[in-house]
Amino acid sequence: MTIQSEYNPDADRIMSVALGPQHPGAGHFRIQLWLDGDYVVKAEPDPGYVHRGEEKMGEYRNYIQNVPHLERPVILDSCGILFPYALAVDELMNNKIPRRGQYLQVIMAEINRIVSHMYFIAIYGIFVGHTTMITWAMGDRDFWIDIAERIGGARVTFAYIIPGGVRNDMPQGLTERALKTCDWFEKRMDEYEKIFFKNPIFLERSEGIGVLTKEDAIRLGATGTVLRASGVKHDIRRDEPYSAYPDFDFEVPSLTAGDCWARAYVALLEMRQSVKIIRQAFKTIPPGPVRLKLGPQPRVPAGEVYARAEAARGEMSYHLISDGTPRPYRLKIGVPSFKNMIMIRELLKGVHVGDIPPVYWSQNFWPVESDR
Amino acid sequence: MQAQAQTPPPQPAKTQPLADAIVQKFPGTTVDYVREKRLKVTTAPEKIKEVALFVRDELGFDHISCVSGTDWIAKNEIEVIYFVGAVSKPGQEAIIVALAERPKRDNPTVPTLIEVWPGAEYHERETHEMLGVVFSGHPNLKNLLLPEDWNDIPPLRKDYISPGR
């Protein structure tokens with residue numbers, strides 16, 4: 001695999017086809033394909049259809065006003081995108097978050113990871129023609145959304161993790177219900193393995209297809225499930241522990257195959273770890289306050305930070321520069337989908353047209369997140 | 001296929017020796033900050049490729065994390081920063097090295113680093129359209145997120161005012 005492609009646009013046999021932006025699977029995103037018969041000769045991702053200028057918007061709002069709009073790019077994983085923002089502002093302000101607040105940050109981030117991975121697996125099912133998976137996973141996802149709703153007050157965009165901690169405490173009596181959901185969900189995941197991940201039809205469509213080697217994954221800057229499915233055990237929750245993560249016992253799953261199957265299965269393994277973390281957090285959550293009172297217009301000292309956290313799709317990072325005024329001077333969001341976008345181009349080269357859906361969707365790519 | 005067993009937690013991050021190594025090898029670089037897990041060095045655009053190769057090959061920072069840019073309008077400079085991490089070198093996973101360069105705002109031309117970190121290609125393309133930085137040697141600098149017919153100054157420059165503001 002090289003960065004320069006070697007296709008010849010003048011050859012008569014090459015046909016160019018646009019996949020998207022009006023496509024039920026591709027979302028608000030286009031992939032320009034050049035085909036030679038049934039083979040993809042070259043693919044070029046074309047994002048930008050839902051670019052909303054989040055970074056510029058961030059420069060016009062203060063540090064608290066920035067919270068609700070920053071979670072919009074990835075509403076499925078809204079805590080994943082807000083967590084590093086809160087970490088960045090807290091680092092600049094030198095905030096010490098109360099322990100209970102940190103535990104709630106972790107609980108919500110892990111619930112969001114499950115919700116996001118469930119969506120990923122559900123749509124994966126429909127991409128490879130496995131209708132059971134979309135109905136099961138979409139239905140079961142709602143039980144986690146119910147718990148998130150009890151804590152955050154909304155079903156998808158909670159604006160829950162904020163600079164200074166979390167927005168509010170969780171309601172009383174939630175622990176029992178959450179632990180029950182954890183037990184039930186672990187059994188449910190065994191059934192997913194049987195019906196989806198060990199299903200011969202799914203194996204046929206995903207095993208050995210779109211293989212990303214370990215060297216290429218590192219070279220091209222892959223992150224998240226894509227990186228871990230290629231044999232790199234890199235997870236910021238473990239390698240650069242933040243918030244309350246050092247308190248919990250969990251593993252970083254990784255697979256070595258690097259194919260479409262491994263990228264799907266690593267998400268299931270991660271959900272098992274998330275359940276483990278959620279269970280520990282609910283059992284050991286300390287009492288106390290959940291946030292620092294920062295006021296509506298916090299004073300953030302001048303400085304520059306680069307904060308990152310492990311969101312559902314991978315490394316979510318913020319480069320935040322404050323010049324001492326109430327608004328950020330620069331707010332750069334490094335989103336995992338954008339980091340993984342180059343993999344779509346590299347992995348689609350040479351595959352059959354029928355293999356485009358698993359290769360594309362196994363990147364766990366979210367066009368709105370990539371565009372910001 | 002089973003998940004592999006967990007490796008032991010890495011040793012505490014040490015950034016000061018890395019900063020010393022870079023400054024010793026390239027005397028022209030300035031160290032902006034050294035924190036527990038972060039390190040930022042600024043170098044001249046002519047030197048950045050050498051420094052980048054040193055950071056990748058000798059220090060082991062092989063994984064591009066992000067490329068960011070900032071318009072410092074008062075200083076008439078645009079800052080381009082490469083944030084790189086090390087995913088395969090034990091003990092350095094927590095560290096991010098920020099490699100910065102500050103070309104002049106009127107003609108911000110810098111060499112591309114996609115030969116050093118191929119994953120930087122789309123990041124550089126985004127920095128080009130958002131801040132007007134020209135990465136010489138880059139294979140494709142067409143607009144990525146902005147419309148093809150964008151007919152204004154790059155939007156993340158400070159003198160670009162969003163409509164309605």
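When I say contact today, I mean heavy atoms within 4.5 Å. Hello everyone, and please keep in mind that this is a predicted model.

Let me put that word to use on chain B. Among its contacts between residues at least 6 apart in sequence, 54% join residues at least 24 apart. Chain B has 3 helices and 7 strands, and along the sequence they come in the order α-β-β-α-β-β-β-β-α-β. Its C-alpha atoms fill a box of roughly 55 × 45 × 30 Å along the principal axes. Of the 165 residues in chain B, 56% are buried.

Now to where the two chains meet. How many residues of chain A are in contact with chain B? The count is 59 residues of chain A, against 55 residues of chain B. The area buried between the two chains is about 4,800 Å², and carbon and sulfur atoms give 53% of that. On the side of chain A, the residues losing the most area to chain B are A:Glu304, A:Tyr306 and A:Tyr329, which together account for 14% of what that side buries.

For those of you who like electrostatics, there are 7 salt bridges between chain A and chain B. One pair to look up is A:Glu240 with B:Arg38, a salt bridge whose closest N and O atoms are 3.1 Å apart. The polar contacts across this interface come to 24 residue pairs, with both residues at pLDDT 80 or more. By class, the side of chain A touching chain B has 26 nonpolar, 11 polar and 22 charged residues.

Let's move inside chain A, to its helices. Helix 5 covers residues 131–152, and its 22 residues reach 31 Å from first C-alpha to last, close to the 32 Å expected at 1.5 Å a residue. Its buried residues include A:Met133, A:Ala137, A:Trp144 and A:Ile151, and charged company too, in A:Asp140 and A:Arg141. What do the buried residues of helix 5 pack against? They pack against helix 4 (99–127), helix 6 (174–197) and helix 11 (260–284) of chain A. Just after helix 5, A:Gly153 takes a positive phi of about 90°.

Helix 6 of chain A gives us another length check. At 1.5 Å a residue, its 24 residues should span 34 Å, and the end C-alpha atoms are 32 Å apart, which agrees. Among its buried residues are A:Phe185, A:Arg188, A:Tyr192, A:Glu193 and A:Phe196. The cover over the buried residues of helix 6 includes helix 4, helix 5, helix 7 (200–206) and helix 11.

Helix 11 of chain A is also home to A:Glu270. Is A:Glu270 buried or exposed? A:Glu270 counts as buried because its relative accessible area is 1%, and the cut-off for buried is under 20%. Beyond its neighbours within four places in sequence, A:Glu270 is in contact with A:Arg113, A:His117, A:Thr225, A:Arg228 and A:Pro253.

My last stop is A:His28, in the loop between strand 1 (14–19) and strand 2 (30–36) of chain A. A:His28 has 42% relative accessibility, so this residue counts as partly exposed. A:His28 and A:Val50 are 22 residues apart in sequence, yet their C-alpha atoms are 6.6 Å apart in space. Setting aside neighbours within four places, A:His28 is in contact with A:Pro21, A:Tyr49, A:Val50, A:Pro367, A:Val368 and A:Asp371.

That's my tour; thanks for listening.

How values were computed
Residues are numbered from 1 along each chain as its sequence is written. Chains are lettered from A and ligands numbered from 1 in the order in which they are written. This is a predicted model: local features need pLDDT of at least 70, side-chain atom pairs count only at pLDDT 80 or more; totals for chains, interfaces and linings use all residues. Side-chain values use heavy atoms; hydrogens and water are left out. Buried area is the accessible area (1.4 Å probe) that two parts lose on being put together, summed over both. A salt bridge is a side-chain nitrogen of Lys or Arg within 4 Å of a carboxyl oxygen of Asp or Glu. A polar contact is a pair of N or O atoms within 3.5 Å; within protein, one must be able to donate a hydrogen and the other to accept it, and residues adjacent in sequence count only if both atoms are side-chain atoms. Helices (H or I, at least four residues) and strands (E, at least two) are DSSP runs, numbered from the N terminus. The expected span of a helix is 1.5 Å times one less than its number of residues. Buried means under 20% relative accessible area, exposed over 50%, partly exposed in between (1.4 Å probe, protein chains only).
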